[in-house]
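Here is a short round of questions and answers on one protein model. Keep the viewer open while reading.

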Amino acid sequence: MPRKSKKVTMKDVARFANVAIGTVDRVLNNTGYASPEKVLAVNRAVAELGYVPNRAASALSRHRTVNIGVVYPNKEVYFWAKLNRGIQSAEKQFGPYGLTVVRDYFTTYNPEE
């Protein structure tokens, strides 16, 4: 049975490139200074190891939030109810990572009602 490969971390990239984790962070996020040699070493390590940043972890560490506004009719119609369930599911799944959904309902104008 083939062994499941371990996810490559920033620590693995740092070890491979022979630099500090802070250097890897500065290179990947383009913040602060890193010498051209270290930038090259980190980029080479990222490519060779196949490092992919964990966006959820990044959002958590930066304490960033994403606000999404949703406006839809206040009707108990199957389509809108299904849409609302999908939005609630996404909010539950991604809420811990900073997603906030603001809902606003409107009543459609019908002169016969």
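The questions below go from the whole chain to single residues.

Q: What pattern of helices and strands does the protein chain follow along the sequence?
A: This is a predicted model. Its protein chain holds 5 helices and 2 strands. Read from start to end, the order is α-α-α-α-β-α-β.

Q: What radius of gyration does the protein chain have, set against a compact globule of 113 residues?
A: The C-alpha trace spans about 75 × 45 × 20 Å along its principal axes. A compact globule of 113 residues would come out near 13 Å. The radius of gyration of the protein chain is 23 Å.

Q: What percentage of the residues of the protein chain count as buried?
A: The chain exposes about 9000 Å², and carbon and sulfur atoms supply 56% of that area. Buried means under 20% relative accessible area. Of the 113 residues, the share that counts as buried is 21%.

Q: What share of the contacts with a separation of 6 or more comes from residues 24 or more positions apart?
A: Take the contacts in the protein chain with a separation of 6 or more. Those between residues 24 or more positions apart make up 56%.

Q: How far apart are the mean positions of the positive and negative charges?
A: The protein chain has 17 positive and 9 negative charges. Take the mean position of each set. The two means are apart by 13 Å.

Q: Where do the buried residues of α2 fall, seen down the helix axis?
A: Helix α2 covers residues 21-29, and Thr23, Val24 and Val27 are buried in it. Down the axis of α2, its buried residues fall within an arc of 100°. They therefore line one face of the helix. In general, an α-helix has 3.6 residues a turn, so residues three or four places apart point the same way.

Q: Which helices are included in what covers the buried residues of α2?
A: The residues to cover are Thr23, Val24 and Val27. Their cover includes two helices, at 10-17 and 36-49. These are α1 and α3.

Q: Is Asn84 buried or exposed?
A: Asn84 lies in helix α5, residues 78-94. Its relative accessible area is 17%. The cut-off for buried is under 20%, so Asn84 is buried.

Q: Which residues is Asn84 in contact with, leaving aside its neighbours within four places in sequence?
A: Asn84 sits in α5. Set its neighbours within four places in sequence aside. Its contacts are then Tyr72, Arg103 and Tyr105.

Q: What is the phi of Asn18?
A: Asn18 is in the loop between α1 and α2. At 70% relative accessibility, Asn18 counts as exposed. Most residues other than glycine have a negative phi. Asn18 is not a glycine, yet its phi is positive, near 60°.

Q: What phi does Asn30 take?
A: Asn30 comes just after α2, in the loop between α2 and α3. At 71% relative accessibility, Asn30 counts as exposed. Asn30 is not a glycine, but its phi is positive, at about 55°.

Q: What distance separates the C-alpha atoms of Val52 and Met10?
A: Val52 lies in the loop between α3 and α4. Val52 counts as exposed, at 52% relative accessibility. Val52 and Met10 are 42 residues apart along the chain. Their C-alpha atoms are separated by 9.2 Å.

Methods
Residues are numbered from 1 along each chain as its sequence is written. This is a predicted model: local features need pLDDT of at least 70, side-chain atom pairs count only at pLDDT 80 or more; totals for chains, interfaces and linings use all residues. Side-chain values use heavy atoms; hydrogens and water are left out. Helices (H or I, at least four residues) and strands (E, at least two) are DSSP runs, numbered from the N terminus. The radius of gyration is taken over C-alpha atoms; the globule rule is 2.2 Å times the number of residues to the power 0.38. Buried means under 20% relative accessible area, exposed over 50%, partly exposed in between (1.4 Å probe, protein chains only). Contact means heavy atoms within 4.5 Å. Accessible areas come from the Shrake-Rupley method with a 1.4 Å probe; for residues, only the protein chains shown count as cover. Lys and Arg count as positive and Asp and Glu as negative; His and the chain ends are not counted. The place of a charge is taken as NZ of Lys, CZ of Arg, CG of Asp or CD of Glu. The arc is that of the directions from the helix axis to the C-beta atoms.
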